[in-house]
Number of protein chains: 2
Amino acid sequence: MEKSNINHHISRQFNQEIEDIRNKVLRMGGLVQQQMEMAVQAIVQSDVELAEKVIQQDEDVNEMEKQIDEECMLILARRQPAAFDLRLLISVIKTIGDLERIGDQAERIARMAIQLQDIDQKANYHELEHLTELVKSMLSGALDAFARFSVDSALKTFKEDKKVDQEYVSIFRQLTAQMMEDPRNIKRALNVLNVNRSLERIGDHTCNICEYIIYTIKGEDVRHMSTDEMEEKIQN
Amino acid sequence: MEKSNINHHISRQFNQEIEDIRNKVLRMGGLVQQQMEMAVQAIVQSDVELAEKVIQQDEDVNEMEKQIDEECMLILARRQPAAFDLRLLISVIKTIGDLERIGDQAERIARMAIQLQDIDQKANYHELEHLTELVKSMLSGALDAFARFSVDSALKTFKEDKKVDQEYVSIFRQLTAQMMEDPRNIKRALNVLNVNRSLERIGDHTCNICEYIIYTIKGEDVRHMSTDEMEEKIQN
């Protein structure tokens with residue numbers, strides 16, 4: 001092969017490796033999303049079998065994180081990428097860390113579903129419905145933004161976290177009031193509050209992922225900024 | 001300069017860059033440790049001024065994270081390190097992420113201290129004393145392990161998290177009982193529970209840091225392992 005052919009060949013292979021990693025991140029994201037949905041369903045419907053599935057599947061999430069991480073390290077060592085490719089790989093390493101922690105929160109929720117099976121059969125947890133929808137929509141927005149490398153989608157998703165935080169506070173107040181009204185509500189309310197906090201954390205992790213996407217594409221580290229500052233940075 | 005001299009010069013400069021990054025991580029770790037201690041003190045002593053200092057200083061923590069992150073990216077792009085150096089840089093990027101999140105938990109605790117100033121003057125929060133000591137000892141153990149690249153210290157610190165988790169559960173039970181006994185305890189108990197969860201999270205982040213240290217030195221990804229498996233991996 002001529003030298004230019006070899007270079008072309010190497011760069012094509014490199015692109016394939018990057019593409020392969022992106023696909024794996026999306027697969028991991030899809031699994032984590034499913035975990036979260038199943039965990040909430042398990043607690044709402046007192047479905048212990050489903051909760052056990054979530055706990056079992058968390059190992060797959062962990063395994064995927066390790067695998068993708070290792071592949072990123074191999075590419076970093078072998079290909080020594082710079083600029084966009086380097087930012088993408090580092091962002092992938094951070095993204096899978098946050099996805100894994102979302103998976104952990106799903107597992108926490110599932111474990112609660114199992115603990116509650118005896119004491120709290122028809123607890124129903126309707127208070128969490130709206131928050132669950134908000135967080136689900138954020139997570140799929142972030143995965144979509146990652147798939148399409150879309151700064152706009154990432155920013156739009158990031159902004160949704162404000163609604164998540166408001167809903168979190170509103171559920172917290174509502175449940176505190178219930179506890180004070182009647183101490184028999186305390187056990188159930190504490191469980192709802194735990195799930196409440198887990199869902200709010202999932203929103204935060206999703207925001208982190210949006211920030212990494214913006215960093216990858218724009219080269220701007222937008223962490224710890226207000227959305228206004230963020231928008232200004234991105235437009236430049 | 002002769003070629004071997006140039007190489008020597010580059011490698012010395014590279015070592016200095018790496019050393020510089022390590023020192024910055026330790027400085028960031030020291031600040032985060034201080035933040036955590038001040039936050040707990042602020043809530044225990046109802047010291048609003050101290051709480052405000054914690055909130056203000058969180059910006060410094062965030063700024064340090066961004067700076068170290070950027071330096072790591074520059075070294076990765078310019079020096080294209082492999083093996084130990086690559087693992088160290090990626091571990092630093094992950095470590096400062098966890099340190100920043102520990103700082104966030106300290107800020108959360110500080111914000112609670114301010115919220116409580118009117119309603120809960122002499123609440124005193126003695127239940128948290130032992131847990132605070134455990135978590136403080138873990139964090140300084142992890143920073144020490146990082147400073148000395150000591151696998152043994154990292155493993156020892158990692159193991160301490162079991163005690164943190166036990167204490168967390170014990171505080172949770174104790175506070176739940178207090179709420180059920182007398183609904184007037186509810187508000188205070190919920191606050192203690194929030195700080196309880198923040199401290200437990202700090203323990204988890206500290207464990208992550210220990211895992212990165214082991215990975216850097218041993219080249220073994222020991223995440224999601226039991227301590228027995230971990231010890232076996234490390235001995236090989």
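How many cavities of 30 Å³ or more does the rule count? In this predicted model, the count comes to 4.

**The largest cavity**

The largest of these cavities has a volume of about 200 Å³. Its lining consists of 14 residues, and those nearest its centre are Leu193(A), Asn194(A), Leu193(B), Asn194(B) and Arg197(B). Both chains thus appear in that group. At least two lining residues each come from α6 and α7 of chain A and from α5 (151-181) and α6 (186-218) of chain B.

**The interface of chain A and chain B**

Chain A contributes 41 residues to the contact, and chain B contributes 41 residues. About 3,700 Å² is buried between the two chains, with carbon and sulfur atoms giving 54% of this area. Lys66(A), Arg101(A) and Arg197(A) supply 18% of the area that chain A buries against chain B, more than any other three residues.

Arg101(A) also forms a salt bridge with Asp98(B), in which the closest N and O atoms are 3.2 Å apart. In total, the rule finds 10 salt bridges across this interface, and 23 residue pairs are in polar contact, both residues being at pLDDT 80 or more. On the side of chain A that touches chain B, the elements giving two or more residues are α2 (48-79), α3 (83-119), α6 (161-181) and α7 (186-218). The largest share, 14 residues, comes from α7(A).

**Residue classes**

The table sets out the classes for two groups of residues.

| Group | Nonpolar | Polar | Charged |
|---|---|---|---|
| Side of chain A that touches chain B | 16 residues | 9 residues | 16 residues |
| Lining of the largest cavity | 8 residues | 4 residues | 2 residues |

Note on methods. Residues are numbered from 1 along each chain as its sequence is written. Chains are lettered from A and ligands numbered from 1 in the order in which they are written. This is a predicted model: local features need pLDDT of at least 70, side-chain atom pairs count only at pLDDT 80 or more; totals for chains, interfaces and linings use all residues. Side-chain values use heavy atoms; hydrogens and water are left out. Contact means heavy atoms within 4.5 Å. Buried area is the accessible area (1.4 Å probe) that two parts lose on being put together, summed over both. A salt bridge is a side-chain nitrogen of Lys or Arg within 4 Å of a carboxyl oxygen of Asp or Glu. A polar contact is a pair of N or O atoms within 3.5 Å; within protein, one must be able to donate a hydrogen and the other to accept it, and residues adjacent in sequence count only if both atoms are side-chain atoms. Helices (H or I, at least four residues) and strands (E, at least two) are DSSP runs, numbered from the N terminus. Ala, Val, Leu, Ile, Met, Phe, Trp, Tyr, Cys and Pro count as nonpolar, Asp, Glu, Lys and Arg as charged, and the others, Gly among them, as polar. On a 1 Å grid over the protein atoms alone, a cavity is a set of points where a 1.4 Å probe fits but cannot get out, and a pocket is an open set with protein on both sides within 12 Å along at least five of seven lines; lining residues have an atom within 4 Å of a point. Grid points are joined across faces, edges and corners, and a volume is the space filled by probe spheres set on the points.
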